[in-house]
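Work through the exercises below with the sequence and the coordinates at hand. Each task is followed by a solution in steps.

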Amino acid sequence: MGKAIKLIKNRSDIGAGTRGSDLGIDAIEIAAINKNSDYFNQFEFEDVKTHNESIYDKNRSSSAKRIEHVVEQCTRVCNAVKKNLEGNYFPIVLSGDHSSALGTLSGIKAAYPEQNIGVFWIDAHADLHSPYTSPSGNIHGMPLSAALGDDNLSCQNNEVPAETQRHWEDMKNIGYKGPKVLADNLIYFGVRDTEEEEDKQIEKLHIKNYKVDEVRFRGLQMCVAEALSKLTHCEVLYISFDVDSMDCDMISYGTGTPVPKGFDQYEIIAIINQIIQTKKVVCIEFVEVNPLLDTKGNKMAETAFEVLEAITSELILPIE
Ligand SMILES: [Mn+2]
């Protein structure tokens, strides 16, 4: 038996443009209950305090909406993740919108300041915007630029007010001063809906993106093995699973920014489990289930739970 699992429930959606991903955690829990699973009774859990009422405050920067509250929320997630890693737990973070991943990565870096952190970002989106480039101002499209500490100023479109700039600097320094991950140690799976500013960053930073077609054509196992071989120098791995990496037509539209032509849940499980087998993964996060947008009942949450159960079985396999 490996480390004990701790479920960290972060019901926050203030980094998203559409409301409802804060309900995703409870939707996953209801999917488990309706399946007669006692999954959520098997593990210790912790609720992260939230500030979703900040959504009512409209008089804020449009280049990074509610940034002061997103900083606050990411700091809470960072503290919870750090504390549990230091307490020898394996945190499975269940979050609302994907801005939370900056908090999680900050907590991992705070717990492992001397280590190289490898990141597997399984997502339809690159999440590489900054307040200087974002067309929407929604911070769930920005966690990786904050984690990399790269604002992409050569693609600047927005004038960013000084106050927002200060909050953005705070955001890049949560838990640990400076970048949490190097671009060389970041690998995408399934990214297929990007903006030009992000494409330029991906090219400039040479971030490898295993597209859905490539994974199917070359073979999933081979692609994951190749990805892992690029990160052999990383002592610590983190997996960020955005459910929009899955095909919205095949699976569900129950997520803030659904995109067609994605993975199915079996491919996601196979990717994650092969990474877990390295025994270097210290934390996994699930994000962006939005039951309010689901046109198939609770299908997205049910599918996320299917993935959650399968990867948890791999995590709790006895270590020989
Ligand atoms: Mn995302």
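**Exercise 1. A metal ligand from a strand**

Task: Classify Asp242 as buried or exposed, and place it in the metal site.

Solution. Start with accessibility: Asp242 has a relative accessible area of 2%, under the 20% limit, and is therefore buried. The model is a predicted one. Next, list the ligands: the manganese ion is coordinated by ND1 of His98 and by OD atoms of Asp123, Asp127 and Asp242, at 2.0 to 2.4 Å. Along the chain these donors follow the spacing H-x24-D-x3-D-x114-D. Finally, locate two of them: Asp127 is in the loop between strand 4 (117-122) and helix 5 (143-148), whereas Asp242 is in strand 7 (residues 236-242). The two are 115 residues apart, and the pair links distant parts of the chain.

**Exercise 2. Backbone angles with a positive phi**

Task: Describe the phi, the place and the accessibility of Asp127, then those of His206.

Solution. Begin with the expectation: most residues other than glycine have a negative phi. Asp127 is not a glycine, yet its phi is positive, about 50°. Asp127 sits in the loop between strand 4 and helix 5, and because its relative accessibility is 4%, Asp127 counts as buried. His206 is also not a glycine and has a positive phi of about 55°. His206 belongs to the loop between helix 7 (196-205) and strand 6 (208-210). With a relative accessible area of 66%, His206 is exposed. One further residue can be added to the list: Asn36, which follows helix 1, has a positive phi near 60°.

**Exercise 3. The buried side of helix 1**

Task: Which residues of helix 1 (residues 24-34) are buried, and what covers them?

Solution. The buried residues are Gly24, Ile25, Ala27, Ile28, Glu29, Ala31 and Ala32. Their cover includes strand 1 (4-10), helix 2 (39-42), strand 3 (89-95) and helix 11 (299-315). For a view from strand 1, take Asn10, which lies in that strand. Asn10 counts as buried, at 1% relative accessibility. Beyond its neighbours within four places in sequence, Asn10 is in contact with Ile25, Val48, Thr50, Gln73, Val77, Leu94, Ser95, Gly96 and Ser100.

**Exercise 4. Two helices that cross**

Task: What is the geometry of helix 3 (residues 67-86) against helix 4 (residues 100-111), and which residues make the contact?

Solution. The two axes come within 7 Å and cross at roughly 40°. That angle makes helix 3 oblique to helix 4. The crossing of helix 3 past helix 4 is right-handed. From helix 3, the contact is made by Cys74, Val77, Cys78, Val81, Lys82, Leu85 and Glu86. Helix 4 contributes Ser100, Leu102, Gly103, Thr104, Ser106, Gly107, Ile108, Ala110 and Ala111. Sorted by type, the residues of this contact are nine nonpolar, five polar and two charged.

**Exercise 5. A serine in a loop**

Task: Is Ser134 buried or exposed, and which residues is Ser134 in contact with, leaving aside its neighbours within four places in sequence?

Solution. Ser134 lies in the loop between strand 4 and helix 5, the loop in which Asp127 is found. Its relative accessible area is 4%, so Ser134 is buried. Leaving aside neighbours within four places in sequence, Ser134 is in contact with Ser63, His129, Met142 and Asn158.

Terms used. Residues are numbered from 1 along each chain as its sequence is written. This is a predicted model: local features need pLDDT of at least 70, side-chain atom pairs count only at pLDDT 80 or more; totals for chains, interfaces and linings use all residues. Side-chain values use heavy atoms; hydrogens and water are left out. Donors are N, O and S atoms within 2.8 Å of the metal (3.2 Å for Na, K and Ca); water is not among the atoms, so sites may look incomplete. Helices (H or I, at least four residues) and strands (E, at least two) are DSSP runs, numbered from the N terminus. Buried means under 20% relative accessible area, exposed over 50%, partly exposed in between (1.4 Å probe, protein chains only). Contact means heavy atoms within 4.5 Å. Axes are lines fitted to C-alpha atoms, for helices over the stretch in contact, and angles run from 0 to 180 degrees between N-to-C directions. Angles under 35 degrees count as roughly parallel, over 145 as roughly antiparallel, 65 to 115 as roughly perpendicular and the rest as oblique. A crossing is left-handed if the near helix is turned anticlockwise from the far one by less than a right angle, and right-handed if clockwise. Ala, Val, Leu, Ile, Met, Phe, Trp, Tyr, Cys and Pro count as nonpolar, Asp, Glu, Lys and Arg as charged, and the others, Gly among them, as polar.
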